[in-house]
Amino acid sequence: MRAMYLGLLLAGVVAGAATAAESWLQFRGPGGQGVTSERGLPTHWSATDNIAWKTELPGPGTSSPILVGERIYLTAFSGFGVPGQEGSRDELVRHLVCLDRQDGKLLWKNEVPARLPEQERIRDDHGYASSTPVSDGERIYCFFGKSGVFAFDLAGKQQWQADVGDGLDRWGSAASLVLFENLLLVNASVESSSLVALDKQSGKEVWRARGIEQSWNTPVLGKTADGQTELLLAVGGKVLGFDPQTGKQLSSCETGNDWYMVPTTVVEEGVSYWIGGRSGGALAVRLGGRGEVTGSHRVWLGKNNSNVPSPLVHEGHMYWASDKSGLVYCVEAATGKTVYEQRLPRADQFYASPILGDGKIYYVARNGRTFVVAAAPEFELLATNELPDRSIFNACPVAADGRLLLRSDKFLYCIDEP
């Protein structure tokens with residue numbers, strides 16, 4: 001009996017450790033909000049200081065890493081479209097890459113040939129591996145645009161593949177996957193102007209919402225004031241709410257911007273917060289509406305904007321970085337009133353969405369310069385850190401184990417400040 005008790009206790013400890021380690025399973029971490037409860041996160045680093053490890057990747061990509069147990073998973077591509085390299089479209093290959101979480105060692109990579117013809121050129125070197133994988137702790141789900149959606153077990157064995165359309169776009173395919181109960185949710189705006197739900201076990205289509213035009217953002221699940229779950233997505237000029245179980249459209253709200261929105265929303269206390277587009281500004285929309293809700297559920301509409309990175313909401317304030325002006329913003333979440341608008345020194349473009357943890361916001365510029373800003377309504381720049389290795393940083397950072405993971409088009413860095 002004593003041996004059985006100890007065995008059960010040990011099994012519980014191991015299971016608990018695995019559960020604790022599986023805390024960053026999707027784009028922007030828990031709930032897709034970009035906020036972590038991690039403590040002791042690093043503030044200062046350089047190319048030579050506080051780098052726990054640095055691993056060369058088999059190809060570029062703008063997707064972010066995810067963490068499943070003691071493994072890191074990310075996607076990359078090679079053979080075609082790699083900056084500075086020659087190649088033809090028939091050589092394009094995607095990779096699902098698995099690394100050891102502790103030392104960054106490459107454990108394996110799985111190759112997925114492209115379904116041709118692929119886009120001949122993608123703007124701004126976004127490339128062919130922009131969608132962050134998602135995991136339920138048992139499988140890894142990847143989205144490669146026209147080539148389809150793939151499910152792999154944790155050892156890299158393919159379980160199924162599903163097509164969601166064959167459309168192409170000069171900006172490429174970028175939206176990441178989201179899980180809801182037994183469903184895998186896919187923004188296939190580029191591929192088929194659709195929002196698609198697949199059965200995560202089989203890959204079979206469960207429902208499809210059509211008319212999803214000009215949409216590059218990742219779907220987000222949010223709770224209404226009465227505890228109902230809504231699926232949120234932006235399209236050209238509107239933000240939409242759906243029933244995630246059936247795909248039925250519930251609501252539509254005008255954004256004040258007649259073009260597309262790339263950034264993903266964040267949700268807090270029944271309100272979704274949005275930025276994005278070449279015109280218009282930030283806005284807040286209360287969940288739970290039905291039909292056209294611009295007059296009834298749009299809480300506020302602001303003037304400041306950003307076209308690529310997603311925002312954060314923390315303790316009653318909303319934070320974000322402009323994709324190209326070097327400005328960072330803080331506004332009151334309840335009113336949209338600007339608290340500060342601050343230009344960061346020597347800031348480059350921002351494509352990576354920021355994350356917040358340990359009282360700090362991490363803004364990662366494309367040139368590898370990371371600005372660490374206090375997560376407070378009074379602006380305070382805590383540190384400026386550089387990784388000058390001629391890499392391009394487009395992926396969102398990941399926080400875990402008191403460390404940060406930063407992915408460029410060439411390397412994955414693990415930053416650990418003693």
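Strands here are DSSP runs of E at least two residues long, numbered from the N terminus. With that in hand, welcome to a short tour of the empty spaces in this predicted model.

**View 1. The strands around the second largest cavity.** Among the strands, β16 gives the most to the lining of this cavity, with three residues. Strands that each supply at least two lining residues are β15 (229-235), β16 (238-242), β17 (249-254), β19 (271-274) and β20 (283-286).

**View 2. Inside the second largest cavity.** Its volume is about 100 Å³. The lining comprises 15 residues, and Glu230, Leu232, Ser251, Val285 and Arg286 are the closest to the centre. By class, eight of the lining residues are nonpolar, five are polar and two are charged.

**View 3. The largest cavity.** The structure holds four cavities of 30 Å³ or more, and the largest cavity encloses about 140 Å³ of space. Look for Arg94, Glu118, Gly145, Gly172 and Ser173, which lie nearest the centre of this cavity among its 20 lining residues. The lining of the largest cavity is made up of seven nonpolar, eight polar and five charged residues.

**View 4. The largest pocket.** Here we move from the cavities to a pocket, the largest one, with about 600 Å³ of space. Its lining has 33 residues, and those nearest the centre are His126, Ala174, Val262, Val308 and Tyr351. Sorted by class, the pocket lining has 17 polar, 12 nonpolar and four charged residues.

How values were computed: Residues are numbered from 1 along each chain as its sequence is written. This is a predicted model: local features need pLDDT of at least 70, side-chain atom pairs count only at pLDDT 80 or more; totals for chains, interfaces and linings use all residues. Side-chain values use heavy atoms; hydrogens and water are left out. On a 1 Å grid over the protein atoms alone, a cavity is a set of points where a 1.4 Å probe fits but cannot get out, and a pocket is an open set with protein on both sides within 12 Å along at least five of seven lines; lining residues have an atom within 4 Å of a point. Grid points are joined across faces, edges and corners, and a volume is the space filled by probe spheres set on the points. Ala, Val, Leu, Ile, Met, Phe, Trp, Tyr, Cys and Pro count as nonpolar, Asp, Glu, Lys and Arg as charged, and the others, Gly among them, as polar. Helices (H or I, at least four residues) and strands (E, at least two) are DSSP runs, numbered from the N terminus.
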